[in-house]
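Let's take a walk through this one, from its charged pairs to its greasy middle. Have the sequence and the 3D view handy.

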Amino acid sequence: MPNPIYLDYNATTPIAPEVVDAMLPYLREYWGNPSSSHTYGRQAREGVVRAREQVANLLGAAADEIVFTGGGTESNNQALRGVLRSNSRRKLVISSVEHPAIANVADFLTREYGVEVVILPVDRHGVVDLAVAEAAIDDRTALVSVMHANNEIGSLQPIAELADIAHAHGALMHTDAAQSVGKVPVRVDELHVDLLSLAGHKFYAPKGVGALYISNGVSLPPLLIGAGHEGGRRAGTENVPYMVGMGEAARLATERLSTEGARIAALRDSFEEGLKHIFPRLVVNGAAAMRLPNTAHVSFVGKSGADVLASIPEIAASTGAACKADSDEPSGILAAMGADLERARGAVRFSLGRYTTTADVEKALALISAHSR
């Protein structure tokens, strides 16, 4: 069977050809240790410096505010564990729709350090209620951590407003922006955040590299202890090729964001309209909220989402987050939004990306229509 139509860009993205081209010299030629003072080290260090500037430019940050990590999960761990370890306050506020890389860290902090975790509910569109947040965040709060965009539904959260509430009480604001970076503008000055996590493989860089934005003025202990790499904030010899790749991916995202977002949103809307014609009972989850332009999270009411996908192997999509792809349980995100079991059971996430074409969308609709008979 030829490769299926890929509509699972929220799970991961292919490495962009330009990213591969940028990485290759650092695998073949510039293989030195960037901490070394000789020519080999200087060549590698120049690549890291440039990559840091490219990521900073994408986020509207200063280069020295970017710490490279092994991925979004590590960035989230460093943010949450670092703040709660170094702060006399013992309260953490998160949302009910966080990725396990936040929710499970919060559970760990409760078990190991007695941290009080307050979970903010969301409305039927998957969005945090600011009035509820304002009541929950107080002068005992050390950190508020709410994801910028939900990885399943695509709903965008009011991060700047949440940050303002947090700051009014002397708390720090963190957002997991792994799913939004490269899809919508993500500027730290506009979001008012102190900490922001991103993952390279979500925007056409390799898996195994990420970054954490740490605002100047925020003191955060390292998660990994060792030598003084990354300005003493992340020990371990730098993964230069992957950092270079992430930098190039950030450059491409900066360059293409405005045109690419509009093109993909138009394709997504066309796809959703086509699905509604095939399935009149179809529900588009989060449709009334501001959401990612590439994400179509739908419920085939009266059907099993897993069965729908299993019947169309020519399409690669998912019933929820990729980290839970082997689970038969309905999405906890939809449960948090108040969806009934039938709607949750019928859920499928289609997510489009840079290499999705009009022909892909039309073919996918034709396949879904044919298998629905």
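Is arginine 140 buried, partly exposed or exposed? At 45% relative accessibility, arginine 140 comes out as partly exposed. Keep in mind that this is a predicted model.

## A pair across the chain

Arginine 140 has company: its side chain meets that of glutamate 116 in a salt bridge, at 2.7 Å from N to O. The two come from distant parts of the chain, 24 residues apart. Glutamate 116 belongs to strand β4 (residues 116-120), while arginine 140 sits in the loop between α5 (130-136) and β5 (141-145). Glutamate 116 has a relative accessibility of 33%, so it counts as partly exposed too.

Why can such side chains pair up at all? Side chains of opposite charge can do so when their charged atoms come close.

## More salt bridges

The structure holds 16 salt bridges. One of them joins glutamate 273 and lysine 276, whose side chains meet at 3.3 Å, N to O. These two residues are three places apart in helix α9, so about one helical turn separates them. Glutamate 273 is partly exposed at 41% relative accessible area, and lysine 276 is partly exposed at 37%.

Aspartate 269 and arginine 268 make another pair, with their closest N and O atoms 2.8 Å apart. Here the burial is mixed: aspartate 269 is partly exposed, with a relative accessible area of 36%, whereas arginine 268 is buried at 7%. There is also a network of salt bridges, linking Glu18, Glu248, Arg251, Glu255 and Arg256.

## A buried aspartate without a salt bridge

Now for aspartate 176, which lies in strand β6 (residues 172-176). Aspartate 176 is buried but has no salt bridge. Which side chain of opposite charge is nearest to aspartate 176? That would be lysine 202, and it is 8.7 Å away. A salt bridge needs the nitrogen and the carboxyl oxygen within 4 Å, so lysine 202 doesn't make the cut.

What aspartate 176 does have is a backbone partner: a polar atom of its side chain lies 3.1 Å from the backbone nitrogen of alanine 178. Looking past its neighbours within four places in sequence, aspartate 176 is in contact with Asn76, His99, Ile102, Val146, Met147, His148, Ala149 and Ser197.

## The nonpolar cores

The largest nonpolar core has 66 residues, and Leu59, Leu196, Leu198, Phe203 and Met246 are the ones touching the most other members. Helix α9 (residues 240-278) is the top contributor to this core, giving eight residues. A separate core, of 25 residues, has Ile5, Leu275, Leu352 and Leu367 among its members.

What does methionine 246 touch, apart from its neighbours within four places in sequence? Its contacts are Val55, Phe68, Leu198, Gly200, Phe203, Ala205, Val209, Gly210 and Ala211.

## A strand covered on both faces

Phe68, one of those contacts of methionine 246, takes us to strand β2 (residues 66-69). Both faces of β2 are covered: Ile66 and Phe68 are buried on one side, and Val67 and Thr69 are buried on the other.

Strand β2 pairs with strand β8 (residues 210-214) in the antiparallel sense, over four bridges. Within that pairing, phenylalanine 68 has alanine 211 of β8 as its bridge partner. Both phenylalanine 68 and alanine 211 are also in contact with methionine 246.

Conventions:
Residues numbered from 1 in each chain as written. Predicted model: local features only at pLDDT ≥ 70, side-chain atom pairs only at ≥ 80, totals over all residues. Heavy atoms only, no water. Buried < 20%, exposed > 50% of the residue type's maximum accessible area, 1.4 Å probe, protein only. Lys, Arg positive; Asp, Glu negative; His and termini not counted. Polar contact = N/O pair within 3.5 Å; in protein donor to acceptor, adjacent residues only side chain to side chain. Contact = heavy atoms within 4.5 Å. Pairing = 2+ DSSP bridges. Core = buried A, V, L, I, M, F, W, Y, C linked by side-chain atoms within 4.5 Å.
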